[in-house]
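Biologist: I should like to go through this structure term by term. Please set each value against its definition before drawing a conclusion.

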Amino acid sequence: MEIEIAGRAARILGAHNAIAEAVADALARNGATVAWGEAPGGNPAGDATPDILVLSHALAPDAAHRPDALAASAEAVAAAMVARGSGRIVHLVSAAGLVPMRRHPTWSAAHAGAIAAMWGLAMASGPAVQVNAVAVGRIEAADAGAATGDAAMLSHVPLGRAGNAEDVANAVLFVDPLNSYTTGQSLAVDGGWTTGYGRNF
């Protein structure tokens, strides 16, 4: 997928995993300069306010995950984007934040909190900044440790298979400047898991 972001600056904060790496690669292939993590001194915007901020949450079940630090970083960067007059923010969250899993209640609640924070920031930082989320279902990779979600999700996926990291990266590319009227939304990249097909979880 190709979009027009040549010369844009992107920054990725949070978990460094296969999904975030695929997103970074997709942004870079389309001409963005990609930086990881906060700059020295704890500045979440880095040396300069990015055009695109990606917040990478823990996508494999992790009861210890708390989205507060990433939400605070998003607020700080959004404020700088608003002052500048433009910016895009994308949260990478689990689809369990949209439909909780009883086997992972704490992790589901953390991601629901991240989505709620995204909604609030979308309201607070518009119209200059668009803030959205990509809600990730079961993604598998050659490295088993790179999988996201829970393998049990696959028994309830209408598309009948796991996704791959590129599926998520392509969805994140809705930061395309041509997409100028979408904010406060969660795009589920989950093979249809959140539709409720055969749900017994």
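Biologist: Why does Ser125 count as buried or exposed, whichever applies?

Modeller: This is a predicted model, and every value I quote is computed from it. The relative accessibility of Ser125 is 2%. The word "buried" applies under 20%, and therefore Ser125 is called buried.

Biologist: Where does Ser125 lie, and which residues does Ser125 touch?

Modeller: Ser125 belongs to helix H3. Leaving out residues up to four places away in sequence, Ser125 touches Ala78, Val82 and Val131.

Biologist: What makes H2 and H3 roughly parallel to each other?

Modeller: Helix H2 covers residues 68-84 and helix H3 residues 105-125, and their axes cross at roughly 15°. Angles under 35 degrees count as roughly parallel, so the pair H2 and H3 receives that description. The axes come within 11 Å, and the crossing is right-handed.

Biologist: Which residues of H2 and H3 make the contact?

Modeller: H2 contributes Ala71, Ala74, Glu75, Ala78 and Val82, while H3 contributes Ala117, Leu121 and Ser125. By class, these residues divide into 6 nonpolar, 1 polar and 1 charged.

Biologist: Why is H1 described as oblique to H4?

Modeller: H1 and H4 pack at about 50°, with axes 8 Å apart. An angle of that value is neither under 35 degrees, nor within 65 to 115, nor over 145. What remains is called oblique, and therefore H1 is oblique to H4. The crossing of H1 with H4 is right-handed.

Biologist: Which residues in H1 and H4 meet, and how do they divide into nonpolar, polar and charged?

Modeller: From H1 come Ala18, Ile19, Ala22, Val23 and Ala26, and from H4 come Ala165, Val168, Ala169 and Val172. The contact of H1 with H4 holds 9 nonpolar residues, no polar and no charged ones.

Biologist: Which residues touch the most other members of the largest nonpolar core?

Modeller: They are Leu27, Leu92, Val134 and Val168, in a core of 29 residues. Two or more residues each are given by strand E1 (9-14), helix H1 (18-29), strand E3 (52-56), strand E4 (87-94), strand E5 (129-136) and helix H4 (165-172). H1 supplies the largest share, 7 residues. In soluble globular proteins, nonpolar side chains tend to be buried together.

Biologist: With which residues is Val134 in contact?

Modeller: With neighbours within four places in sequence left aside, the contacts of Val134 include Val90, Leu92, Val168, Phe174 and Leu187. Apart from this core lies another of 28 residues, among them Leu13, Val93, Ala135 and Met153.

Biologist: How do you know whether Arg11 is buried or exposed?

Modeller: Arg11, which is found in strand E1, has a relative accessible area of 10%. That value is under 20%, so Arg11 is buried. Arg11 and Leu55 are 44 residues apart along the chain, and 8.6 Å separates their C-alpha atoms.

Biologist: Is Val77 buried or exposed, and what is its relative accessible area?

Modeller: Val77, in helix H2, has a relative accessible area of 0%. Because buried means under 20%, Val77 is buried. Beyond neighbours within four places in sequence, Val77 is in contact with Pro44, Ala45, Thr49, Pro50 and Leu53. Val77 and Gly46 are 31 residues apart in sequence, with 9.3 Å from C-alpha to C-alpha.

Biologist: Why does Ala58 count as buried or exposed, whichever applies?

Modeller: Ala58 is found in the loop between E3 and H2, and its relative accessibility is 16%. The cut-off for buried is under 20%, so Ala58 counts as buried. Neighbours within four places in sequence aside, Ala58 is in contact with His65, Trp107 and His111.

Biologist: What is the relative accessible area of Ala48, and is Ala48 buried or exposed?

Modeller: Ala48 is found in the loop between strand E2 (33-36) and E3. Its relative accessible area is 53%, and a residue is exposed over 50%, so Ala48 is exposed. Ala48 and Ala71 are 23 residues apart in sequence and 19 Å apart in space, C-alpha to C-alpha.

Biologist: Which residues does a cis peptide bond join?

Modeller: The cis peptide bond joins Gly126 and Pro127, with omega at about 0°. Pro127 lies in the loop between H3 and E5.

Conventions. Residues are numbered from 1 along each chain as its sequence is written. This is a predicted model: local features need pLDDT of at least 70, side-chain atom pairs count only at pLDDT 80 or more; totals for chains, interfaces and linings use all residues. Side-chain values use heavy atoms; hydrogens and water are left out. A nonpolar core is a set of buried Ala, Val, Leu, Ile, Met, Phe, Trp, Tyr and Cys residues joined through side-chain atoms within 4.5 Å. Buried means under 20% relative accessible area, exposed over 50%, partly exposed in between (1.4 Å probe, protein chains only). Helices (H or I, at least four residues) and strands (E, at least two) are DSSP runs, numbered from the N terminus. Contact means heavy atoms within 4.5 Å. Axes are lines fitted to C-alpha atoms, for helices over the stretch in contact, and angles run from 0 to 180 degrees between N-to-C directions. A crossing is left-handed if the near helix is turned anticlockwise from the far one by less than a right angle, and right-handed if clockwise. Ala, Val, Leu, Ile, Met, Phe, Trp, Tyr, Cys and Pro count as nonpolar, Asp, Glu, Lys and Arg as charged, and the others, Gly among them, as polar.
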